[in-house]
Amino acid sequence: MSIMESTSQKSAAPTSTDEDVIALIDQAQFRLDPAEKERRLCAVLSAQVDRHASALPAYARLVDRLGFGNGPRARYEDVPFVHVSAFKKFELRSVPQDKVVRVVTSSATTSGTPSRIHIDKPTSFRQTKALAATLTDVLGKARRPYLVLDAAESNAASSSLSARGAAIRGLLPFASDVTYALDLNGTTLVPNEDRMRAFFDKNADRSPLLFGFTYIVWSVVVAELGRRGTSFGPAPGAALLHSGGWKKLTELAVDKDVFASKVGAIFGMPASHVLDFYGMAEQVGVVFVDCTAGNKHPPDFADVLLRDPLTLDRVRPGEAGLIEVLSILPESYPGQALLTDDVGILVGEDGCACGRRGRHFRIRSRVAQAEVRGCGDTFAQKRVVG
Amino acid sequence: MSWIHDRIDATGLESEAARVEGAASNTAARPTADLSALFDAFATKLATPAFADVEGIAFLATWLRRKSLESTVRASLGGREAALDGFVADGSRKLRAAPRGIVAQWIAGNIPTLAVFSFVLSALVKNVNLVRVPKESLAVVRRMLAAFEETSITDASGQALSGRDILEGASFFYFPGEDRSLHAALSLRADARVVWGGQETLATVLALPRHEHCEDIVFGPKFSLGLIDTGGRERVVGQSDEGLAIARSLVRDVLLFDQAACSSPHILYVEGTLEDARAFGRALAGELAKQTKRNPKRGIAEGTAAAILRLRTDYGLAEDRDVFASSAVDYTVLVDADGPVLSEGVQSRTLFVRAVPSLRDVVPVVTPQVQTIGLLVDDAGLAADLAERLAQRGVSRLVRFGLMNVYDQPWDGLFACDRFVRWISWT
């Protein structure tokens with residue numbers, strides 16, 4: 001099998017939906033009626049799907065073989081979905097190589113193989129605007145001192161960018177100045193306590209913004225500073241955003257409350273200011289940050305579809321389903337509907353206590369792996385996963 | 001009296017073992033024909049709408065019929081089934097097949113009916129049984145035992161025989177897998193140990209202390225596949241009545257036990273090109289759609305669904321592959337020309353249809369872990385050659401499609417009832 005099939009050199013045509021996309025990014029977020037939102041998004045998604053299918057033979061095959069048909073795609077369920085793992089195996093690029101300005105790679109913590117997502121200029125522009133639009137709703141517009149709980153090397157200038165780097169960069173529009181809290185000693189991340197103390201001495205009362213990857217915050221920052229008994233602040237106006245790596249923390253039996261409490265204690269901030277967000281390298285620009293009610297909300301240019309694992313129908317409030325993230329941002333790759341291995345619980349279709357409109361959900365876990373048991377174990381001495 | 005215990009402890013196990021052991025002599029004295037008749041009556045109770053929701057119940061109910069049980073015992077004991085009830089002449093000597101005594105059983109969780117199936121195999125040749133049931137099968141087993149308890153017949157002498165009488169010599173229970181002391185206690189009560197399970201279970205049980213005389217009967221991790229030659233493929237693709245019947249049989253093999261049995265097919269090697277495999281896969285998908293309509297899936301594990309959806313995407317995108325699938329996660333046919341390689345079985349009505357230039361190419365990848373091979377090979381010479389070579393490679397069964405899950409003798413390379421008895425010669 002040709003794993004890396006080259007894309008057709010036919011570039012995606014200039015988008016007729018650009019204005020719609022930008023309008024949905026630029027408007028005040030989280031105020032759309034859910035039905036109206038689905039109608040508007042589906043109109044854009046349909047056009048984008050057709051464009052990707054004409055530019056990328058592999059995607060056209062998938063649309064055809066899995067029976068998604070030619071539309072119209074009036075419901076989220078009708079939008080052809082790609083399992084997110086495909087970006088580890090296929091070069092899914094809908095634009096010519098020379099239009100790619102950056103390749104985002106995932107952290108590859110689970111499979112060991114990173115996803116590679118090809119970003120062109122329009123997509124990059126949308127992602128930056130989109131992230132800012134979402135986070136403005138959470139953080140406000142004022143720029144704040146920014147402490148990155150990572151090493152500067154994670155955001156090194158390059159044509160490729162890790163998911164960590166992309167997330168760090170995504171918050172730069174909210175930063176008045178940037179400080180990296182960790183050093184990279186060989187391959188080991190080490191907290192630089194002096195630099196962190198200097199940051200808090202200067203900025204504790206300026207509502208600093210902190211960001212780190214969840215697993216790094218826990219395994220490097222909390223573990224090392226906790227061992228030393230170090231703490232900073234108080235910084236009551238500080239906020240820490242973190243994402244990624246929950247799978248490992250679940251294995252360590254660390255839940256969100258414990259995480260927030262320990263982090264809050266070290267940085268002298270309320271635990272309620274420690275905000276988990278859900279996002280993925282395959283859809284940079286789309287993040288779901290915890291609201292004050294503890295739920296996650298899709299911004300206006302994206303949505304989630306929680307699918308029943310058997311019927312693939314959307315689940316009802318209170319039910320769990322496979323998380324599919326829909327987004328109108330990607331122009332250079334077919335990321336309009338990405339099915340994940342994560343399971344979420346749909347809290348409601350509208351009416352969250354925090355005041356945001358639309359569907360709101362919580363992350364439950366990764367999918368429970370089917371327990372292979374019994375005499376029907378499909379064990380093979382020469383095992384090849386097809 | 002409860003024959004099943006959701007969570008047994010050391011005291012409970014000891015008490016149950018003593019009860020069961022106390023019933024051994026009564027159990028050994030029952031005529032085999034009465035036992036077959038009783039299980040036949042039990043089958044009638046299981047073949048009712050009350051059990052329609054139980055995966056594999058139709059198969060169990062059919063297997064429990066008197067003729068089926070008698071055939072199983074006959075094949076297993078080499079035609080000497082009368083030796084179960086007394087000494088029988090065997091040339092210049094006499095032979096007797098006596099029960100081993102207490103059979104301790106570790107049941108796998110992939111088939112909800114397996115506990116009852118395995119119990120009957122042992123009880124039919126008059127053993128008493130201590131059966132560790134997987135937690136997820138407890139509810140189903142409890143329902144079936146309740147039906148068995150109420151089953152009764154009148155034997156040849158006019159005496160009543162009920163399931164309750166047989167259950168005096170049986171105990172079903174669960175305890176956590178990590179409770180090594182209970183595993184050891186169960187093992188040490190056994191005159192024979194039966195293990196159905198994956199590698200981890202096997203390693204755990206086989207490492208337990210046991211009596212020197214204890215016999216081990218192991219049904220280990222296996223998987224199954226199919227071989228289709230050019231003639232067979234053309235018959236199915238041609239959609240003749242006969243071809244459709246073959247497709248129906250093959251799909252029945254897939255649907256039964258939701259592909260979780262060791263005898264369930266996961267990969268079908270099709271002689272020919274990718275296009276040939278595609279045509280065969282399309283024909284199978286059509287039949288899967290029909291049978292799924294009649295026999296819809298009841299549920300799916302999240303992890304299995306995710307694995308299937310990953311594969312659908314991979315096969316949907318790839319130039320040199322194809323996929324035929326339902327809109328929901330009811331069935332999936334994945335077509336490729338990856339050649340003679342194995343793929344991890346996904347279960348839940350998911351089939352790999354894999355083109356190979358020659359079926360003989362598949363022989364080297366077959367190991368003793370391949371249990372059953374479904375054969376659709378029209379070329380008799382090729383079939384004979386494959387059968388011989390596959391036997392050398394370690395396969396256990398070669399059957400036509402439609403029979404893959406039919407429990408017959410031998411199974412996993414052994415005659416099960418034969419292993420449940422001790423043979424005594426009297427010269």
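Trainee: Why is A:Leu312 called buried?

Mentor: In this predicted model, A:Leu312 has 21 other C-beta atoms within 10 Å, and since a residue counts as buried at 20 or more, A:Leu312 is buried. The residue lies in the loop between β12 (302-307) and β13 (320-327) of chain A.

Trainee: What makes the phi of A:Leu312 worth a remark?

Mentor: The phi of A:Leu312 is positive, about 65°, although the residue is not a glycine. Most residues other than glycine have a negative phi.

Trainee: How do you know whether B:Lys126 is buried or exposed?

Mentor: Around B:Lys126 there are 26 other C-beta atoms within 10 Å, and because the cut-off for buried is 20 or more, B:Lys126 counts as buried. B:Lys126 also has a positive phi, of about 75°, without being a glycine, and its place is the loop between α6 (114-123) and β5 (128-132) of chain B.

Trainee: What makes one face of helix α10 of chain B the buried one?

Mentor: The buried residues of this helix, which covers residues 199-206, are B:Thr201, B:Leu202 and B:Val205. Viewed down the axis of α10(B), they fall within an arc of 100°, so they line one face of the helix. Among the elements that cover these buried residues are α9 (180-188) and β10 (215-219) of chain B.

Trainee: How do you know that the span of helix α15 of chain B agrees with what it should be?

Mentor: The helix has 14 residues (380-393), which at 1.5 Å a residue should span 20 Å, and because its end C-alpha atoms are 20 Å apart, the two values agree. After α15(B) comes B:Gly394, with a positive phi near 115°.

Trainee: Why is the largest nonpolar core said to lie between the two domains of chain B?

Mentor: This core has 243 residues, and those with the most contacts inside it are B:Leu284, B:Val333 and B:Val353. Domain 1 (4-220 + 412-426) and domain 2 (223-400) of chain B both give residues to the core, so it lies between them. Leaving aside neighbours within four places in sequence, the contacts of B:Val333 include B:Leu284, B:Phe324 and B:Val353.

Trainee: What makes the bond between A:Gly233 and A:Pro234 notable?

Mentor: The peptide bond joining A:Gly233 and A:Pro234 is cis, with omega about 10°, and A:Pro234 sits in the loop between α8 (214-228) and β9 (239-243) of chain A. Most peptide bonds are trans. In chain B, a cis peptide bond joins B:Gln409 and B:Pro410, where omega is about 0°.

Note on methods
Residues numbered from 1 in each chain as written. Chains lettered and ligands numbered in written order. Predicted model: local features only at pLDDT ≥ 70, side-chain atom pairs only at ≥ 80, totals over all residues. Buried ≥ 20, exposed ≤ 12 C-beta atoms within 10 Å, placed from the backbone. Helix = DSSP H or I, 4+ residues; strand = E, 2+ residues; numbered from the N terminus. Arc of directions from axis to C-beta. Contact = placed C-beta atoms within 7 Å. Expected span 1.5 Å × (residues − 1). Core = buried A, V, L, I, M, F, W, Y, C linked by C-beta atoms within 7 Å. Domains from an automatic or database assignment.
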